[in-house]
Amino acid sequence: MEDSALSRLIVISNRVQVPRSDDEGAQGGLAVALFAALRQQKGIWFGWSGDTSDSRELRFEVNSDVTTATIDLSEQDVEEYYNGYANRTLWPLFHYRLDIAEHERDFQGGYRRVNQNFADTIKSHIQSDDLIWVHDYHLIPLGDILRSKGIQNKIGFFLHIPWPPKRLLTALPEHRELVETLFAYDVVGFQTEEWLDSFRDYVANHLDATIEGDEIRVGGRTIRAIACPIGIDTKDFVEARSHKDAITAYSRMVESSIGRDLIVGVDRLDYSKGLQERFTGYERFLSKHPERAAKVYLLQIAPPTREAVQSYRDIRMALNAQSGLINGTHADIDWVPIRYVNRGMSRSMLGGIYRAARIGLVTPLRDGMNLVAKEYVAAQDPDDPGVLILSQFAGAAEQLKEALLVNPYSADDIAEAIENALRMPREERIERWKSMFDCIKSQDVNWWLKKFINEMKKF
Ligand code: GDG
């Protein structure tokens, strides 16, 4: 095998989506991070095109120096693999939502079939010295399937979402088979020490693993399991402050906020993001602090996602009702407490909006990392930064300790944090912001990429 410094990187993820700065919509942090990774290192990004058809053709394209290779999925694949096993079984279970996780054999079959199909399609394009990096819960068994087809390259896997505690995971009927497939990889990465601990706890108890430092041995295979928190392209985000859309968005926010403090939330419309609890917490704040009425407002940007799944349609309806009720109860003739925007903004506009906000309200009930928290910090004015209110259950809380950390289930906690943030003196805001900014600057997306790839090379 040649020196892996010269290796190509083959990134495999569910969706391939080349981000553009003028894109309006939640591309998700994964797409932005993977694109940045591939711009650094020559390679191919392989995955689903997002289109549905019965074609099995692999299409290559080059976009901004990144080669993408995509395939379509059939309607049945989308239903069973994507809407089914990925988004109705694994996503809720890994976000501690046992109550809505569905367990259907058809979903499991579709998941296996699409993973097989990915492996069959990519196999002939793999060269002997390529590094292969598989991403996220959609593709857990892919490495194992590639090994069964004779692929001996170094293969890494990174999980973008939380790893649940072992008692929760055992609710998945095929938990053991699924976790065993992870031992086909060389390196398995998690966002935080907490998710890594849960993984180690599971394999020690259910797979009789031998654990020595980062190395975990099960049967005849040893993997390195590490915590490797994903970052944002901090430099790019800071530079984007001067983009004309960012400046326009900033001015629009400042002009429409006169005399009012802006609190901002930006999330894909997903039950894991804690939007209902956030609205309840904000309403508690309004009720406890009538003197703040008309002096603040919450801008919640929440582009809908995964609308083929019922639980996502349910949360959308619930939030429409809840925001309407809060506005109906508290609004005045010249003030609405919540501006609830159900569509995406361009990334540059988001930068301007974050910057104009006195508070970034990021309160997921459970989140692998949460990049919005980091983007909010990156966008702030160093001389007069806003305050980040962050859920203690977001992976980002392990790094951003100077945020105001809250329990997102507690309306009182959220209400109190909002009041504390509004009262926080400038010196304290600067001090907290500086230490968070140092963290996202040193542990940015390039740091994450290098750290993971170096782990693969260590083997
Ligand atoms: C998964 C994990 C982990 C949102 N609204 C708009 C928009 N966004 C962008 C944000 C941010 C991204 O989407 C969301 O990233 P998050 O990290 O917050 O959440 P997930 O999509 O759930 O991502 C998560 C991540 O993977 C990476 O590992 O952090 O825990 O769940 O970049 O800015 N972008 C645009 N318009 C919007 O309206 N352009």
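Me: Buried means under 20% relative accessible area, exposed over 50%, and partly exposed in between (1.4 Å probe, protein chains only). Is D214 buried or partly exposed?

Reply: This is a predicted model, in which local features need pLDDT of at least 70 and side-chain atom pairs count only at pLDDT 80 or more, while totals for chains, interfaces and linings use all residues. Residues are numbered from 1 along each chain as its sequence is written, and side-chain values use heavy atoms, with hydrogens and water left out. The relative accessible area of D214 is 32%, so D214 counts as partly exposed.

Me: With which residue does D214 form a salt bridge?

Reply: A salt bridge here is a side-chain nitrogen of Lys or Arg within 4 Å of a carboxyl oxygen of Asp or Glu. The closest N and O atoms are 3.4 Å apart, and the partner of D214 is R224. D214 sits in the loop between β8 (210–212) and β9 (215–218), and its partner, 10 residues away, is in strand β10 (residues 221–227). At 12% relative accessibility, the buried member of the pair is R224.

Me: How far apart in sequence are D270 and R306?

Reply: The side chains of D270 and R306 meet in a salt bridge, 3.5 Å from N to O. D270 lies in the loop between β11 (261–266) and α10 (275–288), R306 in the loop between β12 (296–301) and α11 (310–330), and the separation is 36 residues.

Me: What relative accessible area does D270 have?

Reply: Its partner R306 counts as buried, at 15% relative accessibility. D270 is also buried. Its relative accessible area is 0%.

Me: By about how much of the helix are R176 and E180 separated?

Reply: These two residues form a salt bridge, with the closest N and O atoms 4.0 Å apart. R176 is partly exposed at 38%, and E180 is partly exposed at 37%. Because they are four residues apart in helix α6 (residues 175–181), the separation is about one helical turn.

Me: Which helix gives the most to the largest nonpolar core?

Reply: A nonpolar core is a set of buried Ala, Val, Leu, Ile, Met, Phe, Trp, Tyr and Cys residues joined through side-chain atoms within 4.5 Å. The largest one has 155 residues, of which W163, F199 and Y282 touch the most other members. With nine residues (75–94 being the span of the helix), the top contributor is α2.

Me: How many salt bridges does the rule find across the interface of domain 1 and domain 2?

Reply: Domain 1 covers 4–231 + 445–458 and domain 2 covers 234–442. The count of salt bridges comes to 32. Across this interface, the number is zero.

Key:
Helix = DSSP H or I, 4+ residues; strand = E, 2+ residues; numbered from the N terminus. Domains from an automatic or database assignment.
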